Amino acid sequence: MSKHVIIGTAGHIDHGKSALVEALTGTHPDRLEEEKRRGITIDLGYAFLELDGVQFGFVDVPGHEKFVRNMLAGAGGIDIVLLVVAADESIKPQTREHFEICRSLGVERGIVAITKSDLVDADVLGLVKLEIEEFVRGSFLERSSIIPVSARTGAGLSELKREMLRVAASAAERDASHYARLPIDRAFSMQGFGTVVTGTLISGTLRPGDEIELLPSGKTSRIRGLHSGGRAVKQATAGQRTAVNLPDVNVAEVQRGMVLATKGVFRATSRLDARVSLFASARPLKSRTRVHFHCGSAERIALVNLLDSESLAPGAVAFAQLHLDAPILVIPGDRFIIRQFSPVVTIGGGIVLDALAPRHKKSDAAAITLLDVLENGNREEKLGALIAQNPEGVDLARLVSRTGWLESLVRETARALADAKAISIVSEQPWVAVSADAMGSVTASIEREVDAFHKQNPLVAGVAKQDLRGRAGSRLHPEVFRAALDELIRSGKLALSGDVVQRANRGIALAPDESRAKDQIAREFERAGLSAPSMDEVLKRAPVDLPRARKLVQLLIRENVLVKVTEELLFHRNALENLRPLLSEYKRVRGERLPIAAFKELAGVTRKYAIPLLEYTDRIHLTRRAGDERVIL
Ligand SMILES: Nc1nc2c(ncn2[C@@H]2O[C@H](COP(=O)(O)OP(=O)(O)OP(=O)(O)O)[C@@H](O)[C@H]2O)c(=O)[nH]1
Ligand SMILES: [Mg+2]
């Protein structure tokens, strides 16, 4: 498969970016009427070139200072910057601004083209070259080639193409196996096709038929067709300029700045934590300042809350929480640019560390520690820290959207953490994890609650599981509670009888004859099955006096060994549980309709029991009443 590389132009207005793209590809990237009339680029333009098996997608940006926001929408997905400097003007303000933007966005590769070389003599050209060398010193462009070219005469173009191939060969392939993300830079409607969106596929793979989601709106759709490089393709992979046909989306539902993504994976956010850096040329940035925030093709207004200082000095970096005026899809590792609110100038950039950050308190030391780990830690440290942030337990979907990692990577990393006893995966279906520390606190609090219950209710055997869960913490994930309780029972600290939890060593405070009586009562009910025995008879036969026998029945009810079907009617739990297979077998053989007579026969009970039992099965949603009959559910 051929390699896909995105080249973005950068440079001052009128320096010949668009002319150079045309000279290289044969396509003039300006497409708007106004652009043609004014002879300047206003919005992003696109062109393609295939060279020796490498597919170059060009994103041509406007140089005008008023259109830097459009430049930013295109600069997000580029692999290689083609920094254009006109020989007759050398370095100008937007040369600097675009260069700083590329640097902040983490662009790693580039080529410098000195355009309009036909307009100057060799001495001037040499001088411009020196100025550029000085300008890029110490940056990612330091070792890049500086190539004089002319769109007019064609001079230098073949050397430029050779250099493009050389740099493209070293460019890292984007990850085609990841979830798909395509920041949309254009949406339009095409006669006979419906809505088409375009952008640079920054990760993943798209194919016709794929289900996708538009974020932040959450609108879902299915891809009908894909175009890249001007032709229909069967799939688009990361690093490709891609046009996606979404026939069931209205063009009014899509704008630049939205992201087309794999369905059901990501969550848009309006609160994120980041490392922010301020250009040396900027004024100090006070905490709680509003800025323009640009990420991917999106633009928002953001309130910058510095986490460890009141003000950021020019050239400095700091952790900050950004509150956006509207949600956006970003994931950790995404780069962004900030621009002063007014007058609008580019002042810095940053990298997203936590896309789904909780709100922080003022000078929140724990938040800063977490961000340190998210910035500098390895995968296990990062995931471990995020899991530790949710002491009530956290599910897989949440961790996937918060990290932006593939589900398989989250699982694998979590397994390593679990092997190291740093976390515990309390359940696989649904997948839920909790840190070892949090698990420790949960088990401790369960023990505390059981002890407190015993103290307050000395005559009661123990606390019902459901009550205990409420006492242990209402936000606790049910699976975490279940696992903590299991662990306490397994380790012999607590005991469970029926639904009742008690201290293991407490032993039920029953005398030997009471204990025998209790067993006997339970046995009699069990033997009687669905024809509940006469309570008076059972109590009379018990080897203890009547009041004590009654208490034992209460105990059995609390332990869920006996179940009250009506105020007067008690059944053994096992007898009731037998109803389930009985009914499903009946449904399989005879159908879902169940007349009362049939039930009497099936359960072997008289009408006296049949009605309350059927009302009971209605209550537990085993059956539903339909006139005189039941429908088995
Ligand atoms: N002599 C000469 N003129 C050129 C060359 N390249 C571009 N020009 C002219 O310079 C002018 C500006 O060129 P564009 O390609 O539109 O410049 P640009 O950088 O795309 O401008 P913006 O997109 O508005 O920032 C046009 O009139 C071009 O014909 C060149 O190599 N030699
Ligand atoms: Mg142009």
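**Group meeting: sheets, a helix pair and a magnesium site**

Let me begin with a sheet in the middle of the sequence, an open one in which three strands follow the order β25-β27-β26 with antiparallel pairing. The edges of this sheet are taken by β25 (394-395) and β26 (423-428), each of which has a single partner strand, so one side of each is left without a neighbour in the sheet. I should say at once that what we are looking at is a predicted model, and I will keep to what can be computed from its atoms.

Between β25 and strand β27 (residues 431-435) the antiparallel pairing runs over two bridges, and within that pairing D395 is found opposite V432 in β27. If you then turn to helix α13 (residues 478-490), you will see that it lies across β26 and β27, and that its direction makes an angle of about 110° with β26.

A second sheet, further along the chain, can be described in similar terms. It is again open, with three strands in the order β33-β35-β34 and antiparallel pairing. Here β33 (593-595) and β34 (623-626) are the edge strands, and since each has a single partner strand, one side of each is left without a neighbour in the sheet. On average, and with direction ignored, neighbouring strands of this sheet are turned by 35° against each other. Strand β35 (residues 629-632) is joined to β34 by four bridges, the two running antiparallel, and R624 stands opposite V631 in β35. Helix α20 (residues 607-619) lies across β33, β34 and β35, and runs at about 115° to β34.

Now to the N-terminal part, and to strand β1 (residues 3-10), where eight of the eight residues are buried, so that the strand is largely enclosed by the rest of the structure. In a regular strand the side chains alternate between the two faces of the sheet. In β1, K3, V5, I7 and T9 point one way while H4, I6, G8 and A10 point the other way, and all of them are buried. On the pairing side, β1 runs parallel to strand β3 (residues 54-60), to which six bridges join it, with I6 opposite G57 in β3. Strand β1 also runs parallel to strand β4 (residues 80-86), in this case through four bridges, and there T9 stands opposite L82 in β4.

Which atoms coordinate the magnesium ion, ligand 2? They are OG of S18 and OG1 of T41, at 1.9 to 2.0 Å. S18 belongs to helix α1 (residues 17-25), whereas T41 sits in the loop between α2 (33-38) and β2 (45-51), so the pair ties together parts that are 23 residues apart in sequence. Are these two residues buried or exposed? S18 is buried, its relative accessible area being 9%, and T41, at 9% relative accessibility, also counts as buried.

Finally, a helix pair. Helix α3 (residues 68-75) packs with helix α4 (residues 93-104) at an angle of about 30°, their axes being 11 Å apart, and the crossing of α3 and α4 is right-handed. The residues that meet are V68, M71 and L72 from α3, and E97, H98 and I101 from α4. Sorted by class, this contact of α3 with α4 has four nonpolar residues, one polar and one charged.

Key
Residues numbered from 1 in each chain as written. Chains lettered and ligands numbered in written order. Predicted model: local features only at pLDDT ≥ 70, side-chain atom pairs only at ≥ 80, totals over all residues. Heavy atoms only, no water. Donors = N, O, S within 2.8 Å, 3.2 Å for Na, K, Ca; no water. Buried < 20%, exposed > 50% of the residue type's maximum accessible area, 1.4 Å probe, protein only. Pairing = 2+ DSSP bridges. Axes fitted to C-alpha atoms, helices over the stretch in contact; angles between N-to-C directions. Contact = heavy atoms within 4.5 Å. Left-handed = near helix turned anticlockwise from the far one by under 90°. Nonpolar A, V, L, I, M, F, W, Y, C, P; charged D, E, K, R; others polar.
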